[in-house]
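Visitor: Could you take me through the empty spaces in this model, and give me a close look at how they are lined? I'd like one connected tour, with a word on the cysteines along the way.

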Amino acid sequence: MGFKCGIVGLPNVGKSTLFNALTETAAAQAANYPFCTIEPNVGAVAVPDPRLDKLAEVAKSAQIIPTQLTFVDIAGLVKGASKGEGLGNQFLATIREVDAVAHVVRCFEDSDITHVEGKIAPLADIETIETELMLADLESLEKRIDNLGKKAKGGDKESKEQLDLVERALTLLREGRPARFLECKPEEERTFRMLGLLTSKPVLYVCNVEEGAAAGGNAFSQQVFEHAKKEGAVAVVISAKIESEIATLSREERAEFLDTLGLHEAGLDRLIRAGYELLHLITYFTVGPKEARAWTITRDTKAPAAAGVIHTDFEKGFIRAETIAYDDYVRLGGEAGARDAGKLRLEGKEYVVADGDVMHFRFNT
């Protein structure tokens, strides 16, 4: 499953540089002028997970298949984007298709790279992007309200439910607050998602800092972290320059390079972990002699739905899931050892999959 993350931000904050580094491609031009990304670029990267390598080693798997994270690089937004300024609406529509927004914020000084507003001010940059997205949402909802009102008066139950959500969302947006702060009942969440609001997406702030601040951040990134904390969002520090260099190195060279910079891991790892936290994602594994494979699901997913990530037939015909905890699988030398030790469990339809579970699904065809 993985998840799709849209990279947004003002021009010249390092979005395309970061995208190129993360996907190890040159698909998105990184240039010192606005709108160098003419079409949204899509790239998939393997999610690093040391557990998968260990499981493959224990099972002597011939192939390792990690789960993937998809990035969509979206052109720099500017003031007036909601009214079509710059490349405006074309790119706002792309944001509707992603699961989360990675908002890249410029947190570095560099006289060679111009800032579209002429100054380095992370919180002002965040406000600019957020305002444009809120304006686009306001316009979208205001266009729907009359039609929904007529249908609701005519007794259409679904329209009445939508109208209530639209009115509440409009109140929030007019107060200058993003739609993601709207308090929804569990039964309203599906309808709310169907509204397709840009500001309903979870936000991950990516503080792009200079190389020397990659380990601990700087005064600019600290402002962003404080802002994220206030709104219950997630923030991470990354140096796009360092990620660009890492992308060209072998695994061994990467470890050595990171060590010289005082970093324990690449920015990609931090970004993925932060994204997983934001979207409440976990990983389970399927392991055998042919392959060891990682699968991404949302937390609190039950066994049949987890099986459905592999194939819909697995969910439809689900019988049971043979399940071993990751630690038990490794400690006992694999499936046979876990079975002998009584650590292989047979779980039914109500079992909630835990992070790290090693699973084998039984199903009817």
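**Cysteines, cavity and pockets**

Guide: Let's start with a cysteine: Cys-207 has 0% relative accessibility, so it counts as buried. Bear in mind that this is a predicted model. A search of the whole structure turns up zero disulfides. Cys-207 is in no disulfide, and the nearest cysteine sulfur, that of Cys-107, sits 4.3 Å away; a disulfide would need the two sulfur atoms within 2.5 Å. Cys-184, by contrast, counts as partly exposed because its relative accessibility is 22%, and the cut-off for buried is under 20%.

Now for the enclosed space. Searching the whole structure gives one cavity of 30 Å³ or more, and the volume of the largest cavity is about 60 Å³. Its lining is made up of Val-8, Val-101, His-103, Ile-126, Ile-129, Glu-130, Leu-133, Val-203 and Tyr-205. Strand E5 (100-106), helix H4 (122-153) and strand E6 (203-208) are the elements that give two or more residues to that lining. H4 has the largest share, with four residues. By type, the lining of this cavity splits into seven nonpolar residues, one polar and one charged.

On to the open spaces. The largest pocket has a volume of about 1000 Å³. It is lined by 35 residues, and those closest to its centre are Ala-46, Val-47, Pro-48, Asp-49 and Asp-269. Quite a few elements chip in with two or more residues, among them helix H1 (15-23), strand E2 (41-46), helix H2 (50-59) and helix H10 (267-279). H10 provides the largest share of this lining, six residues. The lining of the largest pocket holds 20 nonpolar, two polar and 13 charged residues.

H10 turns up again next door in our tour: along with helix H6 (189-194), H10 supplies at least two residues of the lining of the second largest pocket. That pocket has a volume of about 800 Å³. Of its 23 lining residues, Arg-180, Ser-200, Lys-201, Pro-202 and Leu-279 are the closest to the centre. Here the lining divides into twelve nonpolar, four polar and seven charged residues.

One last stop, at a packed spot. In helix H11 (residues 303-310), the buried residues are Ala-303, Pro-304, Ala-306, Ala-307 and Gly-308. These buried residues of H11 pack against strands E8 (281-287), E9 (291-298), E10 (318-324) and E12 (358-363), as well as helix H12 (312-316). Strand E8 also ties back to the tour, as one of the elements giving two or more residues to the lining of the largest pocket.

How values were computed. Residues numbered from 1 in each chain as written. Predicted model: local features only at pLDDT ≥ 70, side-chain atom pairs only at ≥ 80, totals over all residues. Heavy atoms only, no water. 1 Å grid on protein atoms, 1.4 Å probe; cavity = no way out; pocket = protein on both sides within 12 Å on 5 of 7 lines; lining within 4 Å. Points joined across faces, edges and corners; volume = space filled by probe spheres on them. Nonpolar A, V, L, I, M, F, W, Y, C, P; charged D, E, K, R; others polar. Buried < 20%, exposed > 50% of the residue type's maximum accessible area, 1.4 Å probe, protein only. Contact = heavy atoms within 4.5 Å.
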